[in-house]
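Here are a few short exercises to work through with the model open beside you. Try each task before you read the solution.

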Amino acid sequence: MLLLPLLPLLLALAEGRRVAVLLLDLRSSPRGEVSPAFLSLTLDASLARNPRYVALLSNPKLRALATALSPGFLRFGGTETDFLIFDPNKDSTSEEKILWELQAQQEACGSRPEFAAVEKLLLAQWPSQEKLILTEHNWKKHKNTTITRNTLDILYSFASCSGFHLIFGLNALLRKDGLQWDSSNAQALLDYCASRRYNISWELGNEPNSFRKKSGIYIDGFQLGQDFIHLRQLLSNYTLYRHAKLYGPDVGQPRKHTQRLLRSFLKSGGKVIDSVTWHHYYVNGRSATREDFLSPEVLDTFATAVREVLEIVGGTVPDKKVWLGETSSAYGGGAPRLSNTYVAGFMWLDKLGLSARQGIDVVMRQVFFGAGTYHLVDANFEPLPDYWLSLLYKKLVGTKVLQVSLAGADKRKLRVYLHCTNALHPKYKEGDVTLFALNLYNVTQHLQLPTYLSSKHVDQYLLLPHGKENILSRSIELNSRVLRMVDDKTLPELIEKPLGPGSMLGLPAFSYGFYVIKNAKAIACI
């Protein structure tokens, strides 16, 4: 009982020293558990706006970077989903054909040095293609593009060789008399994928809430639900796809009319989908500021959106898991000079922490590689800060979510999350826990572990920007070492900094990091 009067005193001391006391619950069962594929990736369908650029996916460095983030889902979708037409009889682009012929002669997942010259030419032309994609997106002017068998082959090969499960978005804007979905093109595509024994999951359409804006066609939630039932029946005609997963409806932010569409869709067709998918972005890429990326108020808008979606799902199909089927910092391709720098990590890490805490099962990051600035890997196949942040998350953070809070700091500016440590990490064992934290204060904050953990060893993985651009740097350090590829196929070792028992966890101004508390003996993690 003597401890109680001491607590306010300790907290007052903490205030003076900018020390926040962590309150961890290691005795209870987990507050939630997410999918092992929690952090998953997307490729935007705009990559196939001219299918020759899909051939870039054969790059060995890109594959090495993807493999390091596996396992997970790889969703191929986006606005262009509803403007892609599959033609099984059409010849592929010469780039796709050359690549596929090389693949036929060699080991399926091997590298293709003979393709390097073609790739160099594609990369030289990519900036003008990227400009075209972003212009079309901004002006909402979309044209149909034909994809061929080789487009699907290269896409599937990239996913399976990198350890990802492909989710393919089918075109929902093909309509009979403007109303019912015309499934004939989807059937041709399914016929081909089934003949190749491609193990794929499916979606139908992208952001149906804005179909009218993109194409002049309006489809309500009830009709879309019926279209999904139709697709489920179509899939059941194939031995290979009888039990294939179907995800949807991939609606945009939960604004009022989108909420109505989602609710009526789930009532109409919710029973045939395996998870409910929705999309989230914090800000508009064309007007976003550096301050937005560091704003607790902006970060908090995500939690509100999650609650609104979970409420709709709970009231219609309460047994279904909810996925973020596409998400990033800023819509419209990202915010130039922000979404591809260190500062984007605050939105990304906080979204991962909040999603798991609030019960989102899978989060699909827009995009792994492609147009815009919100990519994890840039057009020179260089990994950006959010790539390294994702890699550390994958390696250190397990699927079980634990309870954590703090005293002595504003929890909106010093944001903390706690999970069991990833059981597959060779350095750590059952009962270890991983804390990750973001400091939005403009001064260093110190985190103190509770007394019963003061004898524990902690491994620090502190991420800081590298170079004079500071938080707008496209380069990142882990515990003062710059993270970069060793060579095109080798990633660097992610080396921890051991902290002795009783150490404070120091988090510099505007920074984020992970701390593995060893031998914490958390009951939920054993």
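A helix axis here is a line fitted to C-alpha atoms over the stretch in contact, and the angle between two axes runs from 0 to 180 degrees between N-to-C directions. Keep in mind that this is a predicted model.

**Exercise 1.** Work out how helix 12 and helix 13 are oriented relative to each other.

Solution. Start by finding the pair: helix 12 covers residues 344-358 and helix 13 covers residues 385-396. Their axes lie 10 Å apart, at an angle of about 25°. Angles under 35 degrees count as roughly parallel, so helix 12 is roughly parallel to helix 13. As for handedness, the two helices make a right-handed crossing.

**Exercise 2.** Find which residues of helix 12 and helix 13 meet, and sort them by type.

Solution. From helix 12, look for Ala344, Gly345, Trp348, Leu349 and Leu352. Across from them, helix 13 brings in Asp386, Leu389, Ser390 and Tyr393. Sorted out, that contact has six nonpolar residues, two polar ones and one charged one.

**Exercise 3.** Decide whether alanine 407 is buried or exposed, then place it in the fold.

Solution. Alanine 407 has a relative accessible area of 18%. Buried means under 20%, so alanine 407 is buried. It belongs to strand 15, residues 397-407. Now look for valine 21: it is 386 residues away from alanine 407 in sequence, yet their C-alpha atoms are 5.2 Å apart in space.

**Exercise 4.** Check how confident the predictor is along the chain.

Solution. The average pLDDT is 96, and 97% of the residues score at least 70. Residues 1-6, though, have a pLDDT below 50, and beyond near neighbours in sequence this stretch has zero contacts in the model.

How values were computed: Residues are numbered from 1 along each chain as its sequence is written. This is a predicted model: local features need pLDDT of at least 70, side-chain atom pairs count only at pLDDT 80 or more; totals for chains, interfaces and linings use all residues. Side-chain values use heavy atoms; hydrogens and water are left out. Helices (H or I, at least four residues) and strands (E, at least two) are DSSP runs, numbered from the N terminus. Buried means under 20% relative accessible area, exposed over 50%, partly exposed in between (1.4 Å probe, protein chains only). pLDDT is the predictor's confidence in each residue, from 0 to 100. Contact means heavy atoms within 4.5 Å. Angles under 35 degrees count as roughly parallel, over 145 as roughly antiparallel, 65 to 115 as roughly perpendicular and the rest as oblique. A crossing is left-handed if the near helix is turned anticlockwise from the far one by less than a right angle, and right-handed if clockwise. Ala, Val, Leu, Ile, Met, Phe, Trp, Tyr, Cys and Pro count as nonpolar, Asp, Glu, Lys and Arg as charged, and the others, Gly among them, as polar.
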